[in-house]
Amino acid sequence: MTIIGLHCSSTDLHAGQIALIKHGSRLKNCDLYFSRKPCSTCLKMIVNAGVSRISYWPADPEISLQSEASNPVTTSDAKLDAKAVERLKSNSRARVCVLLQPLVCYMVQFIEETSTKLDFIQKIAKSQPDFNTDFYTACRQERIKEYESLFLISNEETHKQILMTIGLENLCENPYFSNLRQNMKDLVLVLATVAASVPVFGCFGFYSNEPQPTNETCHQGLPQEIARHCMVQARLLAYRTEDHKTGVGAIIWAEEKSRSCDGTGAMYFVGCGYNAFPVGSEYADFPHMDDKQKDREIRKFRYIIHAEQNALTFRCREIKPDERSMIFVTKCPCDECVPLIKGAGIKQIYAGDIDAGKKKADISYMKFDELEGVSKFTVNGVQKTKSIDDQQHQNKKLSLLHSCSVLFITQPVCTLK
Ligand SMILES: [Zn+2]
Ligand SMILES: [Zn+2]
């Protein structure tokens, strides 16, 4: 599957409405993933566009059912809407289902172990002589608290009431109910752990080492909160890797010249990818050895498609020369990818740079440091005064993270086989 859009609600519009405005009838046969069960206003339009499946997070729906005693009118409206949603669901061709797969055993532990080995944590660790991993743990605790308040309903009874109202009474009995809550908590833990791997720490952030041409907005760096948010998205993609040793994720965003209705402001999604063997290949089709093993002929390097390469290949929008386009990569782009990124016309690279300037047997990272004409932002501890841009985007950050309904849309990909 390929992702063709990532949207969140704005002050005027719901995420589902934005998806419809942006994609129109292209939504046909797509799958949509919602962070909350969509309201009837969104659902009727999405169903009408011919989507194939709608998956949603089984907590509070878009029109909140968390009862506010002070406002009984809102609660009865919310119940009415939940009924309408059920009716639309039962009469539509689209499958509307709960978005929640139990995680693979040890997933949380695996993500925790790999997170601390990442470029971003390592970079901070290297430049801090009195380093300890406490900042990572503290950051993770903070994210857990934040995400729990966003995605979980702390009171079990309230949660049950909501599930009954939105037509999930079959999940209200135990053991289904306690399993559901446990699965939700595990996923929140995974999200928090991944987010903490791009930590908020002191004056560290994604900065450029070179002076930026001030007159060109195309080269100005993003506010730190947004840069970090996009890097977390790339980090999540990295866990889909087909390479046993190293997962890499990449995501491309661009900024439209004109402001638009999207909750993400002027930012729009261009493409994303992770490192994998060619689409459609089976597990045993290609070698999996790395550069320490066996002879060069049976190593994986000539077969793996890099995260950046997949992001460019399966992009859903063009990269326009007059827009600020940026790629976020969890690791330093290699010598194969650097010319591709530049050639594609991407203006900015946000990446880890632990490997920059290194040469390994089958893969080298020499071109990243030498690259000119593309701005590079890596994790640095440069003390910067808080820019106006950062402050202005503070509110936008809120809409990015606290939006009432985030979704992405996937479309079937044509495979080689
Ligand atoms: Zn809606
Ligand atoms: Zn590469």
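## Helix packing, sheet and backbone outliers

Tyr106 is exposed, with 10 other C-beta atoms within 10 Å. A residue counts as buried if 20 or more other C-beta atoms lie within 10 Å of its own, as exposed if 12 or fewer do, and as partly exposed in between; the C-beta atoms are placed from the backbone.

This is a predicted model: local features need pLDDT of at least 70, side-chain atom pairs count only at pLDDT 80 or more, and totals for chains, interfaces and linings use all residues. Residues are numbered from 1 along each chain as its sequence is written, while chains are lettered from A and ligands numbered from 1 in the order in which they are written.

**Overall.** The protein has 13 helices and eleven strands. Both are DSSP runs numbered from the N terminus: helices are H or I with at least four residues, strands are E with at least two. Of the 417 residues, 38% count as buried. Take the contacts between residues at least 6 apart in sequence: 71% of them join residues at least 24 apart. A contact requires C-beta atoms, placed from the backbone, to lie within 7 Å.

**Backbone outliers.** Most residues other than glycine have a negative phi, and most peptide bonds are trans. Two non-glycine residues with positive phi are tabulated here.

| Residue | Phi | Loop | C-beta neighbours within 10 Å |
|---|---|---|---|
| Asn29 | about 65 degrees | α1 (15-23) to β2 (31-34) | 13, partly exposed |
| Tyr106 | about 70 degrees | β4 (95-98) to α4 | 10, exposed |

The peptide bond from Asn174 to Pro175 is cis, with omega near 5 degrees. Pro175 sits in the loop between α7 (156-165) and α8.

**Helix α8.** This helix covers residues 176-196. Its 21 residues should span 30 Å at 1.5 Å a residue, and its end C-alpha atoms are indeed 30 Å apart, so the two values agree. The expected span is 1.5 Å times one less than the number of residues. Buried residues of α8 are Leu180, Leu187, Leu189, Ala192, Thr193, Val194, Ala195 and Ala196. Their cover includes α4, α6 (134-151) and α9 (224-238).

**α4 against α8.** Helix α4 (residues 107-115) packs on α8 at an angle of about 5 degrees, with the axes 9 Å apart. The two helices are therefore roughly parallel. Axes are lines fitted to C-alpha atoms, for helices over the stretch in contact, and angles run from 0 to 180 degrees between N-to-C directions. Under 35 degrees is roughly parallel, over 145 roughly antiparallel, 65 to 115 roughly perpendicular, and the rest oblique. From α4, the contact uses Met107, Val108, Ile111, Glu112 and Ser115; from α8, Asp186, Leu189, Val190, Thr193, Val194 and Ala196. These residues divide into seven nonpolar, two polar and two charged. Nonpolar means Ala, Val, Leu, Ile, Met, Phe, Trp, Tyr, Cys and Pro; charged means Asp, Glu, Lys and Arg; the others, Gly among them, are polar.

**Sheet and α9.** Six strands form an open, mixed sheet in the order β5-β10-β9-β8-β6-β7. Two strands pair if DSSP finds at least two bridges between them. At the edges are β5 (205-207) and β7 (267-274), each pairing on one side only. Neighbouring strands are turned by 20 degrees against each other on average, direction ignored. Strands β8 (residues 324-329) and β9 (residues 348-351) run parallel, joined by four bridges. Val329 stands opposite Ala351 in β9. Helix α9 lies across β5, β6 (249-255), β7, β8, β9 and β10 (375-380), and runs at about 145 degrees to β6.

Notes
Contact = placed C-beta atoms within 7 Å.
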